[in-house]
Structure formats: C-alpha cells, structure tokens
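Here is a short tour of one chain, starting from a single helix and working outwards. Have the model open beside you as you read.

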Amino acid sequence: MAAARELAASLVDWSVDVIDPVLMRLCDAHAPGYPGVRYRIGCGRQTCYRHQPGGRGHTITYGVGMVADHLCGNHHQWTHTREIARHRFVDGNTSPPCALAHIAIHETAHALQSHRGGRRRGSVHNAAFYKAVGDLYDALGRDRLMDGTRQLERAFVQGRASAGVTGAEGKPDPRAPINPATKFCKGQQVCFATPQGQVITAHIDRVNKVTCTVTCMQSGQGYRVPHALLWP
Ligand SMILES: [Zn+2]
C-alpha cells in the first residue's frame with residue numbers, strides 16, 4: 001500500500017509540475033480564464049476526471065488500486081494501456097512507467113476536451129477527446145515526455161523494491177493467463193478498500209484459491225478478501 005501510494009504521489013507530482021501548465025496554456029488558447037485541475041490520489045481503483053460546476057471544480061483522481069496494478073504488472077487490463085497499443089502513444093510502449101505517463105495525459109485530455117465543449121453524455125472517448133490527447137502530446141514535446149517516463153520509472157523501481165516485488169513477476173506475458181494466487185504470499189503486507197472506501201492495511205495469513213485470509217494491522221480483525229481487490 002505504502003509503495004502504491006508513493007508511486008501515485010509521484011504521478012500526481014509529475015501531473016502538477018509538468019502536465020498542468022501545458023493544459024493551462026492549451027485551455028487559455030481556446031478560452032481564457034480556465035481555473036485549472038486538482039490532481040489527487042483516490043483510495044480505491046477508480047481513476048477519472050470530474051467536473052462539478054459550483055462544487056470543488058475540476059478534479060483528476062488516480063486510484064491507488066489502479067497504480068498498484070502497475071506495480072504488480074497487472075496493468076494490461078486497463079483501458080489506457082490498451083489504448084497505447086492501439087494508437088501507438090508513447091511509441092507504443094506499454095511498460096508500467098509509460099502506461100502511468102499516458103494515464104496522466106489521458107485524464108488531462110478529458111479536462112481539455114471538456115473545456116472545448118467536446119465531451120458529451122454517452123460520447124466520452126470521441127474524436128474531440130483524441131484530438132485533445134494529440135494536442136497535449138504535441139504541446140508537451142518528446143523531451144519532457146521522456147523526462148517524465150524516466151522520473152516515473154525511478155519511482156516505479158523504488159516502489160517495487162519497497163513492495164518486495166521481484167524482477168521476474170514484473171514482466172508477464174500479457175496474453176498468458178495469470179494465476180492471481182501466485183501474486184501473493186504468506187506474511188506479505190497488502191491493502192484493500194472496504195465498500196465504504198476505507199483503506200485497510202493487513203498481512204496475509206493464508207493464500208486461498210480466490211481469496212486471501214488477512215489480518216488488519218491496526219485492529220487485528222480478520223478478513224477474507226478476493227485477490228482482485230488486494231494490492232501490495
Ligand atoms: Zn477516459
């Protein structure tokens with residue numbers, strides 16, 4: 001959990017420092033006075049752009065569970081990773097640091113698309129969206145993109161080391177069926193979110209076929225949690 005959260009924090013930092021100024025320039029070129037986006041870490045898996053008029057403004061949330069999927073090489077299931085392969089963004093490189101860089105661009109493109117009036121109910125990933133993605137990549141430029149992926153790569157390597165993920169697990173063949181039980185081991189520290197959104201840190205007592213039996217580190221309470229809902 002700590003590892004995924006630190007990696008998510010690096011993604012937020014890169015977004016705020018590098019992507020947001022690019023977004024602001026593109027938005028101002030369309031219509032001045034854009035208030036900007038707030039980037040935040042979400043406690044679940046949900047990763048999205050939201051605009052609540054009159055509320056807290058524009059927010060982009062990176063779910064810590066989504067980031068954790070990149071740490072354990074499980075990120076090929078996400079739309080943004082498949083989008084890289086389909087549209088050849090970041091040179092078609094679907095490694096976790098490139099996929100994380102692309103998700104920052106993807107979500108920020110929703111903000112630009114929305115500002116330009118190109119986001120409509122039932123038509124989210126439309127031509128206006130892909131135009132916004134292309135414009136963000138162009139305005140960012142190759143050098144800054146490569147700097148960003150290197151920065152995320154360093155955070156990723158550090159995150160994997162502190163989560164105790166070993167090298168071989170990190171490069172699964174995306175076509176190969178993954179046995180989720182092999183991702184976990186007894187004694188490992190993991191996290192999961194309750195249906196109420198509370199994040200629980202626990203250690204694994206037993207790895208079962210589809211669940212892990214875990215004990216919450218704070219309360220000592222036991223849970224059986226499906227593999228898909230656990231992250232390092
Ligand atoms: Zn999207």
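Let's begin with helix α6, residues 142-163: its 22 residues reach 31 Å from the first C-alpha to the last, close to the 32 Å expected at 1.5 Å a residue. Please keep in mind that this is a predicted model.

Which residues of α6 are buried? They are Leu-145, Gly-148, Thr-149, Leu-152, Ala-155, Phe-156, Gly-159, Arg-160 and Ala-163. Looking down the axis of α6, you will find these buried residues within an arc of 135 degrees, so they line one face of the helix. The general rule behind such a pattern is that an α-helix has 3.6 residues a turn, so residues three or four places apart point the same way. On the face of α6 turned away from the buried side sit the exposed residues Asp-143, Arg-150, Arg-154 and Ala-161.

The cover over the buried residues of α6 includes α1 (2-30), α2 (64-71), α4 (96-115) and α5 (127-140). Glu-153 also belongs to α6. Is Glu-153 buried, exposed or partly exposed? With 16 other C-beta atoms within 10 Å, Glu-153 is partly exposed. Its C-alpha lies 9.3 Å from that of Ser-95, although Glu-153 and Ser-95 are 58 residues apart in sequence.

Helix α5 can be read in the same manner. It has 14 residues and reaches 20 Å from its first C-alpha to its last, close to the 20 Å expected at 1.5 Å a residue. Phe-129, Ala-132, Val-133, Leu-136 and Leu-140 are the buried residues of α5. Down the axis of α5 they fall within an arc of 100 degrees, so they line one face of the helix. That buried set packs against α1, α4 and α6, while the face turned away from it carries the exposed residues Ala-127 and Asp-138.

Now for the backbone. Gly-141 comes just after α5 and takes a positive phi of about 85 degrees; Gly-164, just after α6, has a positive phi of about 70 degrees. Most residues other than glycine have a negative phi, which makes the next two residues worth a look. Arg-88 has a positive phi near 60 degrees without being a glycine, and Val-90, also not a glycine, has a positive phi of about 35 degrees. Arg-88 lies in the loop between α3 (79-87) and α4, and Val-90 is found in the loop between α3 and α4. Their surroundings can be described too: Arg-88 is exposed, with 10 other C-beta atoms within 10 Å, whereas Val-90 counts as buried, with 21 C-beta neighbours inside 10 Å.

The positive phi values are gathered here.

| Residue | Place | Phi |
|---|---|---|
| Gly-141 | just after α5 | about 85 degrees |
| Gly-164 | just after α6 | about 70 degrees |
| Arg-88 | loop between α3 and α4 | near 60 degrees |
| Val-90 | loop between α3 and α4 | about 35 degrees |

What of the interior? The largest nonpolar core has 56 residues, and those with the most contacts inside it are Ala-4, Leu-7, Leu-11, Val-67 and Leu-136. Helix α1 gives the most to this core, with eleven residues. Both domain 1 (2-170) and domain 2 (181-229) give residues to the core, so it lies between them. Val-67 is in contact with Ala-4, Leu-7, Ala-8, Leu-11 and Tyr-62, leaving aside its neighbours within four places in sequence.

Ala-193 is a place to visit in strand β4, residues 189-193. It counts as buried, with 21 C-beta neighbours inside 10 Å. Ala-193 and Arg-45 are 148 residues apart in sequence, yet 8.9 Å apart in space, C-alpha to C-alpha.

Stepping back, the chain has six helices and seven strands, in the order α-β-β-β-α-α-α-α-α-β-β-β-β along the sequence. Of its 232 residues, 38% count as buried. Among contacts between residues at least 6 apart in sequence, 52% join residues at least 24 apart.

Finally, a word on confidence. The mean pLDDT of the chain is 87, with 89% of its residues at 70 or more. Over residues 168-177, pLDDT stays under 50, and the model has nine contacts beyond four places in sequence for them. Where pLDDT is low, the predicted coordinates should not be read in detail.

Conventions: Residues numbered from 1 in each chain as written. Predicted model: local features only at pLDDT ≥ 70, side-chain atom pairs only at ≥ 80, totals over all residues. Helix = DSSP H or I, 4+ residues; strand = E, 2+ residues; numbered from the N terminus. Expected span 1.5 Å × (residues − 1). Buried ≥ 20, exposed ≤ 12 C-beta atoms within 10 Å, placed from the backbone. Arc of directions from axis to C-beta. Contact = placed C-beta atoms within 7 Å. Core = buried A, V, L, I, M, F, W, Y, C linked by C-beta atoms within 7 Å. Domains from an automatic or database assignment. pLDDT = per-residue confidence, 0-100.
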